[in-house]
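Open the model in your viewer and keep the selection tool handy. We will walk from the sheet to the charged pairs and end at two backbone angles.

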Amino acid sequence: MSELKSSKPRSRWWARWWVWAVAAVAVALPVGAWSAVAALSPEPFNLRGELTLGPAAHVRNGPVGCKGGKGYEDITEGTQVTVSSAAGEVLAVGELGNSAWLGSTLTCRFRFMVPNVPDGHDIYQVEVSRRGPVPVPADQAIAGRAALTLG
């Protein structure tokens, strides 16, 4: 008797499965690696704080807010605030915001906000105008408690 041979080729399900598995891994690895890098990359934050301009700065109280005088004329609403790394690399730039006259202490307080400051530094150097950088620890910078004084 002769053996009957099927004219149908044998199914190679394992070969198709293997091709799909390799394709899935080829797609998943780059996506997974990108996700891991994105998760480890710190999110930027808005550094908020206050600058107090002291009485020695000859503060001028105006009809709206206050500003510096006699050598401190550069300290006014809109003055540039620069945030740098400890190595001096500029990270972000903002400006002095609204000012308030504090008559009891003869000082002027400016609030400021610098947007999109990269996280991941231990110390941030905050400089108003060109008055020299002031080191602010990361925990204070992130919490919005950067406190600067002039004059």
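A word before the first click: this is a predicted model.

**Stop 1: the sheet**

Switch to cartoon view and find the open sheet of seven strands. Reading across, the order is β8-β7-β4-β5-β6-β1-β9, and the pairing is mixed. Which strands stand at the edges? They are β8 and β9 (146–150), each with a single partner strand, so one side of each has no neighbour in the sheet. Look along the sheet next: on average, neighbouring strands are turned by 30° against each other, direction ignored.

Now select β4 together with β5, which covers residues 90–102. These two strands pair in the antiparallel sense, over five bridges. To see one bridge partnership, pick Gln-80 and look across to its partner in β5, Glu-95.

**Stop 2: the network around Glu-50**

Side chains of opposite charge can pair when their charged atoms come close. How many salt bridges does the model hold? The count comes to three, and we can visit each one.

Show the side chains of Glu-50 and Arg-109, which meet in a salt bridge with an N to O distance of 3.8 Å. That pair still qualifies because the cut-off is within 4 Å. Glu-50 belongs to strand β1 (residues 45–53) and Arg-109 to strand β6 (residues 107–117), so their contact ties together parts that are 59 residues apart in sequence. With a relative accessible area of 28%, Glu-50 is partly exposed. Arg-109 also counts as partly exposed, at 22% relative accessibility; the reason it is not called buried is that buried means under 20%.

Keep Glu-50 selected and add Arg-111. These two form a salt bridge as well, with the closest N and O atoms 2.5 Å apart. Here, too, the link runs between β6, home of Arg-111, and β1, home of Glu-50, so it ties together parts that are 61 residues apart in sequence. Arg-111 is partly exposed, its relative accessible area being 45%.

**Stop 3: a bridge between loops**

Next, select Asp-74 and Arg-131. Their side chains meet in a salt bridge at 2.6 Å, N to O. Where do the two residues lie? Asp-74 is in the loop between β3 (66–67) and β4 (80–84), and Arg-131 is in the loop between β7 (123–128) and β8 (134–137), so the pair ties together parts that are 57 residues apart in sequence. Asp-74 is partly exposed at 28% relative accessible area, and Arg-131 is partly exposed at 31%.

With the bridges on screen, notice how some share partners: Glu-50, Arg-109 and Arg-111 are joined into one network.

**Stop 4: two positive phi angles**

For the last stop, check some backbone angles. Start with Leu-106, a residue other than glycine whose phi is positive, near 55°. Leu-106 sits in the loop between β5 and β6, and with a relative accessible area of 47% it is partly exposed.

Then move to Asn-116. Asn-116 is not a glycine, yet its phi is positive, about 55°. Is Asn-116 found in a loop or in a strand? Asn-116 is in strand β6. Its relative accessible area is 54%, and Asn-116 is therefore exposed, since the term applies over 50%.

Note on methods. Residues numbered from 1 in each chain as written. Predicted model: local features only at pLDDT ≥ 70, side-chain atom pairs only at ≥ 80, totals over all residues. Heavy atoms only, no water. Helix = DSSP H or I, 4+ residues; strand = E, 2+ residues; numbered from the N terminus. Buried < 20%, exposed > 50% of the residue type's maximum accessible area, 1.4 Å probe, protein only. Pairing = 2+ DSSP bridges. Axes fitted to C-alpha atoms, helices over the stretch in contact; angles between N-to-C directions.
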